[in-house]
Amino acid sequence: MGNALYGLCGSKPPPTTTTTTTTAGGGGDSELGHHGVSTTTVGVSALAQHLYHFEITSQVPGGLSNHVTTSKKAQSIWYKKLAKAWRESKPPPKTPEEASRLVIHTLQRHHTPHLEGLLSFYGLPLPHSLVELTAGDAPPLADGFNFELHTLPVDERAVADGDTVTVYVSTSDSRESSRVPLSVQVAAVERIEARAHRNYPKADALYKQITDAGYRVFHVNNQEILARRYRIRLRGIDAPESSMPYGKEAKEELVKVIGGNCLKILVFGEDRYGRAVGDIYCNGIFVQELMLKKGLAWHYTAFDKRPEFEKWEKDARAKRLGLWASSNPEMPWEYRRHRRENR
């Protein structure tokens with residue numbers, strides 16, 4: 001059934017972050033920057049265009065003075081430094097977090113209120129909301145590592161909450177190819193024949209047989225790719241339940257990080273619900289580290305003793321990020337226990 005889906009596993013394009021807002025002074029007060037971009041436009045692309053425009057005209061956006069109290073001369077110095085830093089960055093920032101880090105690093109000697117005003121002007125994350133991720137791999141593997149998965153691009157709808165996701169692995173993968181049940185192989189072939197003869201009721205019945213066995217067929221470049229389904233529980237963390245405070249934010253963050261991307265998953269075992277428990281990597285990011293540092297998950301100490309996880313949670317608590325904005329948030333395992341007892 002080919003290997004076409006592996007072509008989908010490159011990095012997805014960065015999300016569109018440019019939106020248009022209205023200035024405090026009313027509709028007729030905005031200026032146009034490079035290519036007619038309004039100075040009230042926010043996002044990474046707006047900052048990049050304004051820096052390019054500055055290098056041509058030496059003019060800073062007029063609307064910036066509504067956010068900072070410094071002189072135009074001082075603002076020009078900022079933009080000169082930022083334009084040089086942006087030009088020299090390889091690759092240039094693509095996400096709001098990357099753009100914020102470049103601004104903060106370049107202008108770190110300037111007063112914080114001015115820096116925050118500049119970031120707010122572009123709708124970029126403020127310093128206290130950013131997290132620095134560890135370079136390189138995750139903490140050393142503990143005993144119990146079983147196998148490694150390389151997934152197809154993750155459907156955003158497959159993210160159940162902040163610590164659970166459903167993924168698919170192509171059966172052309174060397175580990176999977178020898179594990180496909182004969183009944184599934186036969187059903188996949190017969191389904192192709194049924195569709196060729198336009199016997200769609202039979203094809204649908206065969207597809208149900210395939211999905212009931214935990215597989216799915218993807219259509220890519222006129223090929224049909226058979227893939228196996230895995231439900232993954234992120235190892236070592238416990239995110240808020242969907243109905244808890246910050247449950248929605250935890251899910252949205254996980255979707256933002258892994259949606260549309262391929263994952264590397266190190267699987268350590270299986271939980272009582274049949275989910276594979278593993279460490280997840282996405283484009284070099286250790287996902288559990290990100291969730292802990294953003295204050296969107298607890299360190300699940302009952303099942304994971306890694307000291308790094310403890311430190312990441314402690315740092316998020318100290319900064320009062322995410323769910324730690326509350327001094328005493330309810331732990332999800334306690335929340336689940338209370339619900340069971342009430343039932």
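Which strands and which helix each supply at least two residues of the lining of the second largest pocket? The tour comes to that pocket after a walk through the strands beside it. The model is predicted.

**Stop 1: strand S7**

Select residues 223-234, which make up strand S7. Then add residues 164-170, strand S5. The two strands pair in the antiparallel sense, over seven bridges. To see one of these bridges, pick Tyr168 and its partner in S7, Arg229.

Next select residues 215-220, strand S6. S6 also pairs with S7 in the antiparallel sense, here over six bridges. Val220 stands opposite Gln223 of S7. The hairpin of S6 and S7 has two residues between the strands, and Asn221 takes a positive phi near 50° there.

Now bring in residues 276-282, strand S10. S7 and S10 run parallel and are joined by three bridges. Two places show the match: Ile232 stands opposite Ala276, and Leu234 has Gly278 as its bridge partner in S10.

**Stop 2: strand S10**

Keep S10 selected and colour it by accessibility. Are the residues of S10 buried or exposed? Seven of the seven are buried, so the strand is largely enclosed by the rest of the structure. Show the side chains to see the two directions. Ala276, Gly278, Ile280 and Cys282 point one way, while Val277, Asp279 and Tyr281 point the other way. Residues on both sides are buried.

Select residues 264-270, strand S9. S9 and S10 pair in the antiparallel sense over six bridges. Ile265 has Ile280 as its bridge partner in S10. Follow the chain through the hairpin of these two strands, where five residues lie between them. Gly274 takes a positive phi near 85° in this hairpin.

At the other end of the selection, add residues 285-286, strand S11. S10 and S11 pair in the antiparallel sense, over two bridges. Cys282 has Ile285 as its bridge partner in S11. The hairpin of S10 and S11 has two residues between the strands, with Asn283 at a positive phi near 50°.

**Stop 3: the second largest pocket**

Select Arg233, Asp271, Arg275, Tyr300 and Phe303. The space in the second largest pocket comes to about 590 Å³. Among the 25 residues that line this pocket, the five just selected are the closest to its centre.

The opening question can be answered here. S7, strand S8 (237-238), S9 and helix H11 (332-342) each supply at least two residues of the lining. Colour the lining by residue class next. What does the lining hold by class? There are 13 charged residues, nine nonpolar and three polar.

**Stop 4: aromatic side chains**

Tyr300 and Phe303 lead on to an aromatic cluster. Select them with Trp298, Trp324 and Trp333: together these residues form one cluster.

The structure holds twelve aromatic pairs. One of them is Phe286 with Trp312, an edge-to-face pair with 6.2 Å from centre to centre and 65° between the planes. Phe286 belongs to S11 and Trp312 to helix H10 (residues 307-319), and the pair links distant parts of the chain, 26 residues apart. Show both rings with the rest of the protein as a surface: Phe286 is buried, and Trp312 is buried too.

**Stop 5: two single residues**

Go to Ser89, in the loop between helix H2 (72-88) and helix H3 (96-106). Why does Ser89 count as buried? Its relative accessible area is 18%, and the limit for buried is under 20%. Draw a distance from the side chain of Ser89 to the backbone oxygen of Trp86, which it reaches at 2.7 Å.

The last selection is Thr112, in helix H4 (residues 112-121). Thr112 counts as partly exposed because its relative accessibility is 44%, a value between the 20% limit for buried and the 50% limit for exposed. Add Pro127 and draw the line from C-alpha to C-alpha. Thr112 and Pro127 are 9.1 Å apart in space and 15 residues apart in sequence.

Technical notes:
Residues numbered from 1 in each chain as written. Predicted model: local features only at pLDDT ≥ 70, side-chain atom pairs only at ≥ 80, totals over all residues. Heavy atoms only, no water. Helix = DSSP H or I, 4+ residues; strand = E, 2+ residues; numbered from the N terminus. Buried < 20%, exposed > 50% of the residue type's maximum accessible area, 1.4 Å probe, protein only. Polar contact = N/O pair within 3.5 Å; in protein donor to acceptor, adjacent residues only side chain to side chain. Pairing = 2+ DSSP bridges. 1 Å grid on protein atoms, 1.4 Å probe; cavity = no way out; pocket = protein on both sides within 12 Å on 5 of 7 lines; lining within 4 Å. Points joined across faces, edges and corners; volume = space filled by probe spheres on them. Nonpolar A, V, L, I, M, F, W, Y, C, P; charged D, E, K, R; others polar. Phe/Tyr/Trp six-rings, centres within 6.5 Å; stacked < 30°, edge-to-face > 60°.
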